[in-house]
4 protein chains.
Amino acid sequence: MAVRSEVNIEVRYYETDLMGIVHHSNYIRYFECGRHQALIDMKMPIFEVEKRGFMLPVVSVECNYKTSARMGDVLKVITMINDEPMAKIRVENRIENAATGELICTGAVVLGFIHSDSRKPCRAPEFFLEAFRAFNK
Amino acid sequence: MAVRSEVNIEVRYYETDLMGIVHHSNYIRYFECGRHQALIDMKMPIFEVEKRGFMLPVVSVECNYKTSARMGDVLKVITMINDEPMAKIRVENRIENAATGELICTGAVVLGFIHSDSRKPCRAPEFFLEAFRAFNK
Amino acid sequence: MAVRSEVNIEVRYYETDLMGIVHHSNYIRYFECGRHQALIDMKMPIFEVEKRGFMLPVVSVECNYKTSARMGDVLKVITMINDEPMAKIRVENRIENAATGELICTGAVVLGFIHSDSRKPCRAPEFFLEAFRAFNK
Amino acid sequence: MAVRSEVNIEVRYYETDLMGIVHHSNYIRYFECGRHQALIDMKMPIFEVEKRGFMLPVVSVECNYKTSARMGDVLKVITMINDEPMAKIRVENRIENAATGELICTGAVVLGFIHSDSRKPCRAPEFFLEAFRAFNK
């Protein structure tokens with residue numbers, strides 16, 4: 001039981017820096033795009049989570065850069081949730097050049113559930129677990 | 001009766017692009033920094049405006065670029081509100097290199113008052129006009 | 001004789017602000033995405049222009065905001081170059097909600113040709129004019 | 001022998017997101033601001049490194065978020081290089097609320113030296129090691 005999702009993203013000019021390559025902070029943003037797509041694929045988009053009174057702030061992030069992406073490149077952002085969420089969700093990411101398959105970076109992001117009202121941490125709500133379990137069935 | 005405010009901003013690496021210069025969209029963001037400082041100088045910071053039930057979305061923006069800023073440059077963002085706000089506020093901006101005084105760009109941003117609840121446009125609230133009139137007294 | 005191009009762009013989470021809507025500076029960036037697509041459609045992508053020794057810095061930008069875009073919205077960015085470029089190119093933009101057709105903003109960006117080596121302004125190079133004239137033939 | 005540097009950064013409006021807090025990707029950018037200040041404090045700013053024919057791309061990044069920063073907050077970005085650079089430099093970061101001292105996040109960034117011309121990895125150049133060793137003397 002796991003979630004796996006893919007989405008393609010085109011690098012934009014203003015995301016590149018002086019070195020002519022995508023600024024390293026942007027991959028963290030691409031991870032987020034991939035993560036939001038994964039939630040959509042789970043039929044539980046982030047809006048819906050928020051509407052039901054929960055938020056999912058980022059607890060930690062890590063990224064290992066293998067090679068660089070350049071303007072105009074199309075990137076395949078692969079998102080995986082391998083373990084059933086508890087109080088936290090661990091999301092793994094892998095970004096490849098969509099045209100060549102070359103690995104660009106890998107990473108992982110941990111998110112924590114909190115109640116929107118109290119801003120207190122909590123366990124993954126049941127509706128979220130159901131969406132997770134229903135994936136791939 | 002007018003508001004005039006200045007704030008210095010340091011260019012950050014990720015704000016520059018492939019050409020080695022600040023991406024043109026960032027000056028629009030610097031204008032916002034200047035505008036927020038002007039509101040603080042008016043003793044009416046944007047938080048306070050929002051807390052009192054109003055929002056100030058941007059209606060239009062224009063910017064004329066004279067020369068470029070580079071990483072590490074310190075920019076002086078000058079913000080002027082020359083006319084008493086009505087349903088809209090016109091904010092004029094001028095960005096100079098703080099070290100050399102060289103003119104980098106000029107621009108203007110028009111904002112409109114709206115009620116946060118109804119999201120309907122409205123006239124500048126009295127507390128805002130008082131803050132505007134009290135400036136420089 | 002004119003260039004017209006369209007490209008769809010999906011709003012990303014980090015492009016929205018406190019008000020839940022796309023930060024106004026990002027539309028300036030979407031204009032750039034549209035402009036780059038227009039150059040690709042002219043078979044003269046910005047890379048190619050730069051490789052041939054020219055740069056196209058932004059001289060001025062203006063944007064009029066009609067309504068707001070939100071996260072997850074798909075935007076249709078329409079780009080038009082109605083006049084043959086001289087020393088400058090005037091690019092007009094229009095952004096619509098791709099699903100509903102609602103107008104989100106309109107704007108115009110003026111770019112100037114410069115030689116990469118001398119950084120001096122110059123007339124539009126012949127290869128660029130040919131690409132412009134060949135469009136739609 | 002170690003490098004330690006501090007710089008204050010003010011949170012800007014467009015760096016906050018829907019939740020009213022700084023978007024998590026921006027701390028990675030603040031780390032970069034801190035890192036560049038550390039290089040300036042070492043009298044070896046990144047420009048100078050680049051001018052001498054070397055680049056310092058990011059190899060990996062990690063960040064652990066403790067609490068959130070909001071618009072208008074002033075952040076103290078603390079940067080530490082505890083070990084003499086080899087082919088890589090490990091830079092540790094800590095961001096605190098400058099007013100309250102509250103810990104906001106911690107992180108580490110690893111950079112690798114490469115020759116600008118060949119884009120091949122290399123050992124830390126002697127001039128860089130000298131700057132590192134001269135710090136705090």
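This tour visits the contact between chains A and C, then a strand pair in chain B. The model is predicted.

**Stop 1: the A–C interface.** Select chain A and chain C. Each side can be picked out by its contacts: 15 residues come from chain A and 15 residues from chain C. Together the two chains bury about 1,500 Å². Carbon and sulfur atoms give 59% of that area. Now highlight A:Arg12, A:Tyr14 and A:Met71. This trio supplies 40% of the area that chain A buries against chain C, more than any other three residues.

**Stop 2: charges across the interface.** Show side chains. There are 2 salt bridges between chain A and chain C. For one of them, zoom in on C:Arg12 and A:Glu15, where N and O lie 2.7 Å apart. Polar contacts link 4 residue pairs across these chains, with both residues at pLDDT 80 or more.

**Stop 3: the chain A side.** Colour chain A by secondary structure. Strand E1 (3-10), helix H1 (24-41) and helix H2 (46-51) each bring at least two residues to the side touching chain C. Which element gives the most? Select H1(A): it contributes 5 residues. By class, this side of chain A holds 8 nonpolar, 1 polar and 6 charged residues.

**Stop 4: strand E1 of chain B.** Move to chain B and select residues 3-10. Side chains alternate along this strand. B:Val3, B:Ser5, B:Val7 and B:Ile9 point to one face and are buried. B:Arg4, B:Glu6, B:Asn8 and B:Glu10 point to the other face and are not buried.

**Stop 5: its partner.** Add strand E4 of chain B, residues 74-81. E1(B) and E4(B) run antiparallel and pair over 8 bridges. To see one bridge, pick B:Asn8; its partner in E4(B) is B:Lys76.

Terms used. Residues are numbered from 1 along each chain as its sequence is written. Chains are lettered from A and ligands numbered from 1 in the order in which they are written. This is a predicted model: local features need pLDDT of at least 70, side-chain atom pairs count only at pLDDT 80 or more; totals for chains, interfaces and linings use all residues. Side-chain values use heavy atoms; hydrogens and water are left out. Contact means heavy atoms within 4.5 Å. Buried area is the accessible area (1.4 Å probe) that two parts lose on being put together, summed over both. A salt bridge is a side-chain nitrogen of Lys or Arg within 4 Å of a carboxyl oxygen of Asp or Glu. A polar contact is a pair of N or O atoms within 3.5 Å; within protein, one must be able to donate a hydrogen and the other to accept it, and residues adjacent in sequence count only if both atoms are side-chain atoms. Helices (H or I, at least four residues) and strands (E, at least two) are DSSP runs, numbered from the N terminus. Ala, Val, Leu, Ile, Met, Phe, Trp, Tyr, Cys and Pro count as nonpolar, Asp, Glu, Lys and Arg as charged, and the others, Gly among them, as polar. Buried means under 20% relative accessible area, exposed over 50%, partly exposed in between (1.4 Å probe, protein chains only). Two strands pair if DSSP finds at least two bridges between them.
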